[in-house]
Amino acid sequence: MLYEKLKVYANSDVYPFHMPGHKRIGATALPYGIDITEIDGFDNLHEPQGCLKELQEKAAELFGSRYAFALVNGSTVGILSAIRAMTKDGDRVLIARNSHMAVYHAAELCRLDVTYLMPEMIEGLGIFSSVSPESVEQALRANPGISLVVITSPTYEGIVSDIKSISAICHRYGAKLFVDEAHGAHFPFSDSFPQSAITCGADAAVISLHKTLPAMTQTALLLTDSKALSKELKRQLSVFETSSPSYVLLASIDRCLRFLKHGNRAFEEYISRLTQLYQAANSLRHLSVLHDRILSASNVFDFDAGKLNIFCNGCMSGKTLMDILRTDYRIELEMALGDRALAMTSVCDSDEGFDRLLSALKEIDGNCTSTDQMTAPPTCPLPQKRYAVHDALEQDGVMLDICQAEGKVSREYVRAYPPGVPLFVPGEVIGRNVLSQLKALEAAGNEILTDGSAYPLISIIG
Ligand SMILES: Cc1ncc(COP(=O)(O)O)c(C=O)c1O
């Protein structure tokens, strides 16, 4: 049934402003004809000597790094492998709290001693700002011996941090920098995008090709300039990544690289489409597609214009906007939350797709009657840590309604989705202020996710 459902969606007139970046161009037949794994003559992903070595060298050249590893298990496998490769058991690390769950899982698996860095919120917008170089330096000074810093840049919403300054600070304090650049694979292909992390001095970075480039879901690259690190990355990838890599996915990386090599014109057209859309959206009276307001915020270093952050300014919820776009205009967005919705664009979008979105926003805007001041939750305070995650998970748990859990120690990750940043990780004390934050996020339309318990029941240390 799933395949039939997918074919119906593919053949519908719904326009995708969501991942993957290839925007579903192409056939709906399953590619059995080229679906092999490592047979004679087709190289070995974990020990590449032939066509896959060539593919990785091509990728390294295009993305401006000395080494590139092709990934078929998403940035997720790159994050697990990189963090394991860049630390030793029990190392002290600094992790930006707005990291993807794969970063938390890597820290848990490697039994790391984690200090979190909570980025500020952009005032009034309810989205995380850049991680400031000053906050990284302050944390490194206050916590001597940190060997690795992990930052997400860009974020889901397109917020970019000053990686050049942050990497210089990390290196001055003897720490390495790993950047989760899953959403920034397109950065090297136009000067209109922010600079890529690897060219700004990150020791390693992971990029999801599938999110913003024409490549199939799960394709990604792990990049580094360091020969020594590349050897350890290779070893860890053999631990975490499948031993039966999909050649359909690898072929999709190959096609993506070919596209990028000759993609100048397509990227110029993409930038021009974005510029025109932002300009035209200035005429909206109630809704807004924010660009300059984000870029000019004092705690934002840079912004990826490819992420369309649409704010409803009180005239409706982001979810209502997303539903109207789906049902009345056949446009599917990436996500909605509270007062806003997110449209993901890529170099594969068409003029028709952009025109359809703009006309729809204008029409919906014309039917709006009210505009409110934006209200957005402030930065969530960091909970107090009682145990390291791996120690907390080894203890017995009991189930309790979250409303009665104040002062108890969480034994699971409690996250607000989207984007899924944990409010509590195992071993943290459930304080009153974070509980209020959780309620506010829930009221704003976030789904509260746990590790499998039936929320509002959560597992606490008994
Ligand atoms: C910031 C961030 N990092 C990492 C990932 C994981 O990437 P992938 O889906 O390629 O495994 C995601 C997924 O959405 C993400 O948003």
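Student: Where is the place of Pro 20 in this chain?

Tutor: Pro 20 sits in the loop between β1 (15-17) and α2 (51-63). Keep in mind that this is a predicted model.

Student: What kind of peptide bond leads from Met 19 to Pro 20?

Tutor: General idea to begin with: most peptide bonds are trans. Here, the bond from Met 19 to Pro 20 is cis, and its omega is near 0 degrees. Ser 153 and Pro 154 are also joined by a cis peptide bond, with omega about 0 degrees. That proline, Pro 154, is found in the loop between β5 (146-152) and β6 (159-160).

Student: And what about Lys 23: is its phi positive or negative?

Tutor: As a rule, most residues other than glycine have a negative phi. Lys 23 is not a glycine, yet its phi is positive, about 60 degrees. You'll find Lys 23 in the loop between β1 and α2.

Student: Let's move to sheets. In what order do the strands β17, β18 and β19 come?

Tutor: Strands of a sheet pair through backbone hydrogen bonds, either parallel or antiparallel. In this case three strands make an open sheet, ordered β18-β17-β19, with antiparallel pairing. β18 (421-424) and β19 (447-449) are at the edges with a single partner strand each, so each has one side without a neighbour in the sheet. On average, neighbouring strands here are turned by 35 degrees against each other, ignoring direction.

Student: How many bridges join β17 to β19?

Tutor: Three bridges link β17 (residues 414-417) to β19. To spot one of the partnerships, look at Ala 416, whose bridge partner in β19 is Ile 448. Then find helix α15 (residues 432-443): this helix lies across β17, β18 and β19, at about 135 degrees to β18.

Student: Now the bigger picture. Which domains is the protein chain divided into?

Tutor: There's domain 1 (32-261), domain 2 (272-367) and domain 3 (389-461). Try the pair of domain 1 and domain 3: 11 residues of domain 1 are in contact with 16 residues of domain 3. Together these two domains bury about 1100 Å², with 59% of that on carbon and sulfur atoms. Arg 97, Met 101 and Arg 111 supply 48% of the area that domain 1 buries against domain 3, more than any other three residues.

Student: How many salt bridges are found across the interface of domain 1 and domain 3?

Tutor: Three salt bridges turn up across that interface. For a salt bridge to look up, go to the side chains of Asp 391 and Arg 111, which meet at 3.9 Å, N to O. On the domain 1 side, helix α4 (residues 101-109) gives the most to the face touching domain 3, with four residues.

Definitions and conventions. Residues are numbered from 1 along each chain as its sequence is written. This is a predicted model: local features need pLDDT of at least 70, side-chain atom pairs count only at pLDDT 80 or more; totals for chains, interfaces and linings use all residues. Side-chain values use heavy atoms; hydrogens and water are left out. Two strands pair if DSSP finds at least two bridges between them. Helices (H or I, at least four residues) and strands (E, at least two) are DSSP runs, numbered from the N terminus. Axes are lines fitted to C-alpha atoms, for helices over the stretch in contact, and angles run from 0 to 180 degrees between N-to-C directions. Contact means heavy atoms within 4.5 Å. Domain bounds come from an automatic or database domain assignment. Buried area is the accessible area (1.4 Å probe) that two parts lose on being put together, summed over both. A salt bridge is a side-chain nitrogen of Lys or Arg within 4 Å of a carboxyl oxygen of Asp or Glu.
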